[in-house]
Amino acid sequence: MSRRAGVHVGIDVGTVRIGVAASDPDARIAFPVTTLRRDTRLNSDLDEIAMIVQDRHAVEVVVGLPTRLSGLPGPAARQARAYAGLLAARVAPVPVRLVDERLTTVVAHRRMAERGLRARDRRAVVDQEAAVQILQSALDIPRDAGASDAVATRREPDRRADDT
């Protein structure tokens with residue numbers, strides 16, 4: 001299956017903040033949108049992302065899956081899967097897809113340092129930049145190339161994630 005034309009939204013799930021990115025309508029270039037405060041009590045961050053998806057008429061949401069360098073999932077991957085499941089319920093029928101996000105935060109910090117941003121100034125935007133990296137990698141590699149073993153999530157998180 002090749003990439004759908006239209007706006008795609010990228011999400012970098014953190015324990016404190018959520019980075020959000022979006023693509024252009026041709027699904028070629030990702031750019032930062034916002035950083036949201038993670039709200040584990042009321043899940044208002046999920047509602048804000050749903051509004052972004054709706055306002056931009058997104059055709060897909062891509063959530064970063066923090067896989068360990070070994071390729072195995074860890075606790076952060078389970079949390080990302082659970083978050084993707086909750087988000088999928090909010091944005092249905094727009095599909096939510098998980099993609100490997102190894103080293104995206106490292107790359108985000110490096111790119112911002114190259115632009116001259118001090119470490120203290122990066123804190124506010126590193127999650128957005130990581131979301132850009134996640135989304136851009138998903139846009140650059142066609143899904144039918146087999147480069148992404150993403151898990152399509154619609155209404156429920158993949159229960160097998162709890163077994164890993």
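## Helices, strands and two nonpolar cores

The protein has five helices and six strands, where helices (H or I, at least four residues) and strands (E, at least two residues) are DSSP runs numbered from the N terminus. This is a predicted model, in which local features need pLDDT of at least 70 and side-chain atom pairs count only at pLDDT 80 or more, while totals for chains, interfaces and linings use all residues. Residues are numbered from 1 along each chain as its sequence is written, and side-chain values use heavy atoms, with hydrogens and water left out.

Along the sequence, the elements follow the pattern β-β-β-α-β-α-β-α-α-α-β. Of the 164 residues in the protein, 45% are buried, where buried means under 20% relative accessible area, exposed over 50% and partly exposed in between, with a 1.4 Å probe and protein chains only. Among the contacts (heavy atoms within 4.5 Å) with a separation of 6 or more, 65% are between residues 24 or more positions apart.

Helix α1 (residues 44-55) has 12 residues, and its first and last C-alpha atoms lie 16 Å apart, close to the 16 Å expected at 1.5 Å a residue, the expected span being 1.5 Å times one less than the number of residues. Its buried residues are Asp 45, Leu 46, Ile 49, Ala 50, Ile 52 and Val 53. They lie on the same side of α1 because they cover an arc of only 160° around the axis, the arc being that of the directions from the helix axis to the C-beta atoms. These buried residues pack against β1 (8-13), β2 (17-23), β3 (30-37), β4 (60-65) and α2, whereas the face turned away from the buried side carries the exposed residues Gln 54 and Asp 55. After α1 comes His 57, with a positive phi near 55°.

Helix α2 (residues 75-91) should span 24 Å because it has 17 residues at 1.5 Å a residue, and its end C-alpha atoms are indeed 24 Å apart. The buried residues of α2 include Ala 80, Ala 84 and Leu 87, and Val 63 touches these three residues as well as Ile 11 and Ile 134, among others.

The largest nonpolar core has 25 residues, and those with the most contacts inside it are Ile 11, Ile 49, Val 61 and Val 63; such a core is a set of buried Ala, Val, Leu, Ile, Met, Phe, Trp, Tyr and Cys residues joined through side-chain atoms within 4.5 Å. At least two residues of this core come from each of β1, β2, α1, β4, α2 and β5 (96-100), with α2 supplying the largest share, seven residues. A second, separate core of 11 residues includes Val 99, Val 132, Ile 134 and Leu 139.

Definitions and conventions
Lists of a residue's contacts leave out its neighbours within four places in sequence.
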